[in-house]
Amino acid sequence: MQYPEKSAEVTVPIASLLAKRWSPVVMSDAKIDQKMIDRLFEAARWAPSNYNEQPWRFVYATKDDGKEREVIESLLVDGNAWAKSAYLLIVSFTKKTFAKNDKPNRMALHDLGAANLSIALQATDMGLVTHQMGGFDHENVNTILGVPDDFLPGSMMAISQPTDSKGAPAELIQRDEKPRSRASTVIAFRGKWGQ
Ligand SMILES: Cc1cc2nc3c(=O)[nH]c(=O)nc-3n(C[C@H](O)[C@H](O)[C@H](O)COP(=O)(O)O)c2cc1C
């Protein structure tokens, strides 16, 4: 299978980037230029946020980053070991309190989600593939990466050049061959819940 070529079975037309983005588990260690990586974080920087707080922060390592990369890989749960093949691994964090007054920012995780999706869509636009993961060591990630306590970990993201599945483990290929799916087409109610 050539990546990325899976598209969503949408009920009505949506923006092509949204339809094209999907989360493969077969990933490549082929280099992604630093300029492209910079563009991913620039996309995150322009995400919308509550009071324009921009609470998102990222720690990342590429396959060229040696020991630092190994440390980030070690955070992954076994079920996400496939992500170690990806050239780029990102860990995302969000600041739990407002910079201006230290009060809790209830939208912090929400806004990090917007930033992470911005990264995923920017990557899709540049022909890369992305896969977010909640399966990593949330308890110890701040200590391991030297991140201050006021930052809450969000998701990790594996990003790679598109690749074919040649030589990949059969169970990963099977996962990637399954069509994208969504539980329900009814998620929005006009005027009142349930109608
Ligand atoms: C916050 C978050 C956490 C996720 N955690 C994992 C994970 O730990 N392992 C995994 O294989 N996929 C994980 N995923 C990927 C989802 O399973 C995937 O996005 C979903 O099945 C929809 O598929 P699609 O992204 O191809 O549309 C996660 C996605 C998000 C947004």
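Analyst: Two residues are in contact here if their C-beta atoms, placed from the backbone, lie within 7 Å of each other. The model is predicted, and by this rule glutamine 122 touches Arg39, Leu40 and Ala43, leaving out residues up to four places away in sequence.

User: Where is glutamine 122 placed, and why is glutamine 122 called buried?

Analyst: Glutamine 122 has its place in helix H4. A residue is buried when 20 or more other C-beta atoms lie within 10 Å of its own, and glutamine 122 has 20 such atoms, so the residue counts as buried. Methionine 27, to take a distant residue of the chain, is 95 residues away from glutamine 122 in sequence and 17 Å away in space, C-alpha to C-alpha.

User: Why does serine 92 count as buried or exposed, and which residues is serine 92 in contact with?

Analyst: With the limit for buried set at 20 or more neighbours inside 10 Å, the 24 C-beta neighbours of serine 92 put this residue in the buried class. Serine 92 is found in strand S2, where phenylalanine 58 stands opposite. Apart from neighbours within four places in sequence, the contacts of serine 92 are Trp56, Phe58, Leu112, Asn116, Gly154, Ser155 and Met157.

User: How do you know whether S2 is largely enclosed by the rest of the structure?

Analyst: The conclusion rests on a count along the strand: 7 of the 8 residues of S2 are buried, and therefore S2 is largely enclosed by the rest of the structure.

User: What makes S1 and S2 a pair of strands, and how many bridges join them?

Analyst: Strands pair if DSSP finds at least two bridges between them, and 7 bridges join S1 to S2, with the two strands running antiparallel. S2 is also joined to S4 by 7 bridges, again antiparallel. Leucine 89 can be followed through both pairings: leucine 89 in S2 is the bridge partner of alanine 61, while in S4 the bridge partner of leucine 89 is alanine 158.

User: In what order do the strands form the open sheet, and why do S1 and S3 stand at the edges?

Analyst: The sheet has 4 strands in the order S1-S2-S4-S3, with antiparallel pairing. S1 and strand S3 (129-133) each have a single partner strand, so one side of each has no neighbour in the sheet, and this places them at the edges. On average, neighbouring strands of this sheet are turned by 25° against each other, direction ignored. Helix H3 (residues 66-74) lies across S1 and S2 and runs at about 115° to S1.

User: Which residues of the largest nonpolar core touch the most other members, and which elements each supply at least two residues of this core?

Analyst: The largest nonpolar core has 34 residues, of which Ala86, Leu89 and Ile159 touch the most other members. Helix H2 (34-45), strand S1 (56-62), strand S2 (88-95), helix H4 (108-125) and strand S4 (151-160) each contribute at least two residues to this core, and H4 gives the largest share, 6 residues. Leucine 89 itself, leaving out residues up to four places away in sequence, touches Tyr60, Ala61, Ile72, Glu73, Ala83, Met156 and Ala158.

User: Why are tyrosine 51 and asparagine 52 called exposed, and where is tyrosine 51 placed?

Analyst: A residue is exposed if 12 or fewer other C-beta atoms lie within 10 Å. Tyrosine 51 has 12 such neighbours and therefore counts as exposed, and asparagine 52 has 7, so this residue is exposed too. Tyrosine 51 lies in the loop between H2 and S1, and asparagine 52 is found in the loop between H2 and S1 as well. Phi is near 55° in tyrosine 51, a positive value in a residue other than glycine, and phi of asparagine 52 is likewise near 55°.

User: What makes arginine 175 partly exposed?

Analyst: Arginine 175, placed in helix H6 (residues 170-177), has 14 other C-beta atoms within 10 Å, which lies between the limit of 12 or fewer for exposed and that of 20 or more for buried, so arginine 175 is partly exposed.

User: Which residues are around the ligand, and how many of the shell are polar?

Analyst: The residues around the ligand are Trp22, Ser23, Asn80, Gln132, Met133, Gly134, Gly135, Ser155 and Arg180. By class, this shell has 6 polar, 2 nonpolar and 1 charged residues, with Gly counted among the polar ones.

Conventions: Residues are numbered from 1 along each chain as its sequence is written. This is a predicted model: local features need pLDDT of at least 70, side-chain atom pairs count only at pLDDT 80 or more; totals for chains, interfaces and linings use all residues. A residue is near a molecule or strand if its C-beta atom, placed from the backbone, lies within 6 Å of it. A nonpolar core is a set of buried Ala, Val, Leu, Ile, Met, Phe, Trp, Tyr and Cys residues joined through C-beta atoms within 7 Å. Axes are lines fitted to C-alpha atoms, for helices over the stretch in contact, and angles run from 0 to 180 degrees between N-to-C directions.
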